[in-house]
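Welcome! Have a look at the chain below, and then try each exercise before reading its solution.

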Amino acid sequence: MIRIEGSKGVALLLALAVVAGVLVAGISLPAVGGVGVGIVTASNDLDVKPEDLQEPPLSEKSVVLDADGHQIAQFYEQYREIVPLDRVAAVMKTAIISIEDYRFYQHGPIDIQGTLRALAKNVTTGGVAQGGSSITQQYVKQVMLNKARTKKEQEEALAPSYGRKLNELRYAMGLEQKYTKDQILEKYLNIAYFGAGAYGVEAAAKRFFGVSAADLSLVQAATLAGAVQKPNETDPAAGKKSRGLLLARRDVVLDRMAQLKKITPGQAAEAKAEPLGYKGTPLPGGCESSPYPYFCMYVRADILTNPVFAAFGRTRQDRDQFLKRGGLVIRTTLDPKLQAAADAAIKDRVDATDDPVASEALVEPGTGRIRAMAASRRYGTDARKKQISYNVVADRAHGGGTGFQAGSTFKVFTLLTALKQGWRVDDGLDSPAGYTAPGYSSFTDCKGRNVGDPAHTVANDEGSGGFKTLKTGTWQSVNTFFLKLEQKVGLCDVVRTAESLGVKRADGGPLQQYETFTLGVNEMDPVTVATAYAAIAARGSYCPPQAVSAITDRNGKTTRYQPKCRQALDPEVADAAADVMRGVFGPQGTMSAVGGIGRDAAGKTGTSDDYSTAWFAGFTPDLAGAVSLGDPRGASTHRLSGVTIGGRYYSVVFGADISGRIWKKTMISALKGVPKSSFPPIDSARFGGCGDRCAPRDDVPPVDNGWDPGFGPGPDRTFGGPPPM
């Protein structure tokens, strides 16, 4: 209510009432301060006509659902759930009208009796002792306040000026012509702030008492009705003093209801004897309160940055506002069954308090849909609890960090390049114990620069030297074989193959193109690696990772998002690579000690230099997954050697030891009940054997596909104690 000074202010307010058509004949104004008022003269100087109020949609929370339709997160700037009036308890409507505007259904846009009563009181006290705004006027003020985006606009929306009150009345007149009283009351109950972070009666009912607005009792309704006058001062979440003020205000409402004969004095007395009853039900928002925080972060970042969602705003800030205010229902690709499988598999091998972090992403071949994102660490900002504050499963563009070196999982891109260039699965090369680039020009990046380093020798961490084929070199993950193979097929061609499968650095920078590219020196994230491997499973069809499948706006319009796939590889090349990678689980493979999953599967272990990180990436025809393991304090300085992880001691950690076992356990559980499907057979005429090139490519002895007892880690090289089951 504005402060009134002298007869001019009195005349102005009465003139507004006259023009609004609410001052009835026979009402006269007693002298206030000895001043008479010329109503008609004042009103003739005013232009008071109904004006249409622009009512932007109310800020309403957006919810995120998993693939089964269960809520997994919510975003909001103002926590609000809009409900129709018939879903508000009758006692709540009675309470709010009794205390705020008891003649609401009898008067027009302005309550002249209430206004004059408040006016006389305020003038005689020299201040603002009583308010006289109708519920319609209060709604107008709330709309103007909600439209304000700057501090100046907010101050103008609340300014104690005649100009604001005049505009408020114009808009109130327009609203009373446009809507019924019930519609105005519904709008008011949905826009009002009740304190404790709750906007609108539904959110307030849940926050204060843990019930819906339809189930409010007399005591609860009186409490909420009392809260709207000064919601910040009576905020029950602010402490004992504020709760005392709210309790007193509640009792005022109950007395007023009894005075108006809406309840009996006995009912009022009984209700006033009740405690406040505030429960402070959490209204969680954001990804920190989601059961799947890493996936939630991915969804949020995708909406803020992905061009697919350009309709939500041109800038990141515009989209963020729309996400928090738009009342969206976002259906995602997350499968709770598969998520549970990934969570359980990680928990079985890595503890939340371990220094190294295990992360896993599951992606559906042929669609790119992300089915799960899991990590061993809990999301949060409390370093003492070993929480992690970024998306360790994703790249920086989706809230992640710099990732971990992907190790030998990158050898697959060299294998694919060789197959594209016509190599057969039994074509091979001599693989020395140590590899040194023949010269600076032996490797050339995609800009034509020489990147070979004849001063650096690479040894074999897994597998032994000797003649290796595409099969045995892959199965045994022989470093020197893949460096020589990369030299043969061309570094740039290998890089282009990787890029065609969506491979990019986790930090968003350009791929580092050195001779050790095939050994996985680039830092990656599980989502990116899993998506690349999913393309092989899908016979070369690359589908960018997808987290959102549909969005329904506040008006019920649903937009569905289909996979955006492209053919990145010749299907027969992908089939041949899958056939080779199946052998990783066989007796000569780096996963031999772990074993397969009882159905067609292909994959590749990844152990980076000096055991700084350990990976496994693999796929079936139905599902692809990638697991990384590294220390976020710095993988190069906190290596996976001489460490205890998940209660087990490891002298060194290879890709199969933890990451491979997590992948296996995940897949067995995730695919339980899914019919077994098979990879397409390799085109033997194109890729089988070694054709007319059975002679070694480096003129070394013929191919030996026999068992090589020195190929792999073996239990005694991997574990400092008995190997885990």
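The exercises below go from the whole chain to its sheets, helices, rings and single residues.

This is a predicted model, in which local features need pLDDT of at least 70 and side-chain atom pairs count only at pLDDT 80 or more, while totals for chains, interfaces and linings use all residues. Residues are numbered from 1 along each chain as its sequence is written, and side-chain values use heavy atoms, with hydrogens and water left out.

**Exercise 1. The whole chain**

Task: How many helices and strands does the chain have, and what percentage of its residues count as buried?

Solution.
- Begin with the definition: helices (H or I, at least four residues) and strands (E, at least two) are DSSP runs, numbered from the N terminus.
- The chain comes to 24 helices and 23 strands.
- Next comes burial, where buried means under 20% relative accessible area, exposed over 50%, and partly exposed in between (1.4 Å probe, protein chains only).
- Of the 725 residues, 56% count as buried.
- Finally, take contacts, meaning heavy atoms within 4.5 Å. Among contacts in the chain with a separation of 6 or more, 72% come from residues 24 or more positions apart.

**Exercise 2. A sheet of 3 strands**

Task: Find the strand order of the open sheet of 3 strands, and explain why one side of β3 and of β4 is left without a neighbour in the sheet.

Solution.
- Two strands pair if DSSP finds at least two bridges between them.
- The order is β3-β5-β4, and the pairing is mixed.
- β3 (79-80) and β4 (193-195) are at the edges with a single partner strand each, so each has one side without a neighbour in the sheet.
- β3 pairs with β5 (residues 198-199) in the parallel sense over 2 bridges. Here Tyr 79 has Ala 198 of β5 as its bridge partner.

**Exercise 3. A sheet of 5 strands**

Task: Which strands are the edge strands of the open sheet of 5 strands?

Solution.
- Write down the order, β2-β1-β6-β16-β17, again with mixed pairing.
- The edge strands are β2 (71-75) and β17 (558-560), each pairing on one side only.
- On average, neighbouring strands of this sheet are turned by 20 degrees against each other, direction ignored.
- Now look at one pair: β1 (residues 62-65) joins β2 in the antiparallel sense over 4 bridges. In this pair, Ser 62 stands opposite Phe 75 of β2.

**Exercise 4. A hairpin**

Task: Which residue in the hairpin of β22 and β23 takes a positive phi?

Solution.
- β22 (residues 641-645) and β23 (residues 648-652) pair in the antiparallel sense over 4 bridges.
- One partnership is between Val 643 and Tyr 650 of β23.
- The hairpin has 2 residues between the strands, and Gly 646 takes a positive phi near 65 degrees.

**Exercise 5. Two packed helices**

Task: Describe how α9 and α10 pack, and place Ala 204 in the picture.

Solution.
- Two packed helices are described by the angle between their axes and the distance between the axes.
- Axes are lines fitted to C-alpha atoms, for helices over the stretch in contact, and angles run from 0 to 180 degrees between N-to-C directions.
- α9 (residues 201-209) and α10 (residues 218-227) pack at about 115 degrees, with axes 11 Å apart.
- The contact is made by Val 201, Ala 204, Ala 205, Phe 208 and Phe 209 of α9 with Gln 220, Thr 223 and Leu 224 of α10.
- Ala 204 belongs to α9 and counts as buried at 0% relative accessibility.
- Not counting residues up to four places away in sequence, Ala 204 touches Phe 194, Ala 198, Phe 209 and Leu 224.
- Ala 204 and Arg 80 are 124 residues apart in sequence and 8.4 Å apart in space, C-alpha to C-alpha.

**Exercise 6. A ring pair**

Task: Why is the pair of Phe 104 and Tyr 105 edge-to-face?

Solution.
- Rings of Phe, Tyr and Trp (its six-membered ring) pair if their centres lie within 6.5 Å; planes under 30 degrees apart count as stacked, over 60 as edge-to-face and the rest as tilted.
- The count comes to 18 aromatic pairs.
- Phe 104 and Tyr 105 have ring centres 5.0 Å apart and planes at 75 degrees, so the pair is edge-to-face.
- Phe 104 is buried at 0% relative accessibility, whereas Tyr 105 is partly exposed at 40%.
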